[in-house]
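I opened my notebook for a fresh look at this one. Here is what I looked up, entry by entry.

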Amino acid sequence: MIDYADIGSRIRAVRLERKMTQEQLANAVNLGVTHISHIETGSSIPSLQSFIAILNALNCSADELLCRELVTTQEIKNHWLIELVSDCSIEETKVLSDTLKALKQSLRANYSEEKF
């Protein structure tokens with residue numbers, strides 16, 4: 001069973017970490033302050049659209065809020081790579097991604113794992 005109170009408390013924790021008030025979050029996601037309060041206490045379940053708006057407003061991933069509800073979660077690996085491309089444009093990110101894919105393919109084709 002999904003614990004909406006736990007998800008709500010995680011939303012609240014992230015909001016406070018971002019130094020946002022309920023009013024600021026409500027304005028950012030076009031919801032009422034009372035509705036945000038009810039979501040944070042678990043007495044109201046946000047629609048998928050509202051949940052995604054909250055994720056975007058808080059600049060967090062769904063995993064951060066739902067990890068206790070997921071049967072399996074994948075640990076974020078290579079966080080440094082995400083940080084490295086975080087300020088890149090879409091075009092720059094695409095070029096870097098294509099370059100890394102080609103490099104990985106070349107490494108695997110030309111070198112055995114024992115050399116690394």
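**Entry 1: overall layout.** How many helices and how many strands does the protein chain have? I counted 7 helices and 0 strands, bearing in mind that I was working with a predicted model. Read along the sequence, the pattern comes out as α-α-α-α-α-α-α. I then checked burial: of the 116 residues in the protein chain, 20% count as buried. For the accessible surface I got about 8900 Å², with 54% belonging to carbon and sulfur atoms. I also looked at contacts between residues at least 6 apart in sequence, and 54% of these join residues at least 24 apart.

**Entry 2: the core.** Next I asked which residues of the largest nonpolar core touch the most other members. The core has 15 residues, and the ones I was after are I11, L25, I36, I54, L58, C60 and L65. Two or more core residues come from each of α1 (4-17), α2 (22-29), α3 (33-41) and α4 (48-58). The largest share, 4 residues, is from α4. This brought a general point to mind: in soluble globular proteins, nonpolar side chains tend to be buried together.

I picked L65 for a closer look at its partners. Leaving aside neighbours within four places in sequence, I found L65 in contact with I7, R10, I11, V14, F51, L55 and C60.

**Entry 3: helix α4.** Which residues of α4 are buried? My list reads S50, F51, I54, L55 and L58. Looking down the axis of α4, I saw these buried residues fall within an arc of 140°, so they line one face of the helix. On the other side of α4, I noted L48, Q49 and N56 as exposed. The buried residues of α4 pack against α1, α2, α3 and α5 (62-66). After α4 comes N59, and I wrote down its positive phi, near 55°.

**Entry 4: helix α3.** I repeated the exercise here and found I36, I39 and E40 buried. Down the axis of α3, the buried residues fall within an arc of 95°, so they too line one face of their helix. What do the buried residues of α3 pack against? They pack against α1, α2 and α4. G42 follows α3, and its phi is positive, near 85°.

I then turned to V33, which is found in α3. V33 counts as partly exposed because its relative accessibility is 36%, and the partly exposed class lies between 20% and 50%. Not counting residues up to four places away in sequence, V33 touches Q22, E23 and A26. I also took the C-alpha to C-alpha distance from V33 to T21: 9.4 Å in space, for 12 residues of separation in sequence.

**Entry 5: helix α7 and a surface patch.** My last stop was a nonpolar surface patch of about 360 Å², made by L100, L103, L107 and Y111. L103 is found in α7 (residues 90-110). Is L103 buried or partly exposed? With a relative accessible area of 47%, L103 is partly exposed.

S97 also has its place in α7. At 29% relative accessibility, S97 counts as partly exposed. I closed the page with one more distance: the C-alpha atoms of S97 and V85 are separated by 9.6 Å, with the two residues 12 apart along the chain.

Technical notes
Residues numbered from 1 in each chain as written. Predicted model: local features only at pLDDT ≥ 70, side-chain atom pairs only at ≥ 80, totals over all residues. Heavy atoms only, no water. Core = buried A, V, L, I, M, F, W, Y, C linked by side-chain atoms within 4.5 Å. Buried < 20%, exposed > 50% of the residue type's maximum accessible area, 1.4 Å probe, protein only. Contact = heavy atoms within 4.5 Å. Areas by Shrake-Rupley, 256 points an atom, 1.4 Å probe, with all protein chains shown as cover. Patch = residues over 30% accessible without salt bridge, like charges linked within 9 Å, V, L, I, M, F, W, Y side chains within 5 Å. Salt bridge = Lys/Arg side-chain N within 4 Å of Asp/Glu carboxyl O. Arc of directions from axis to C-beta.
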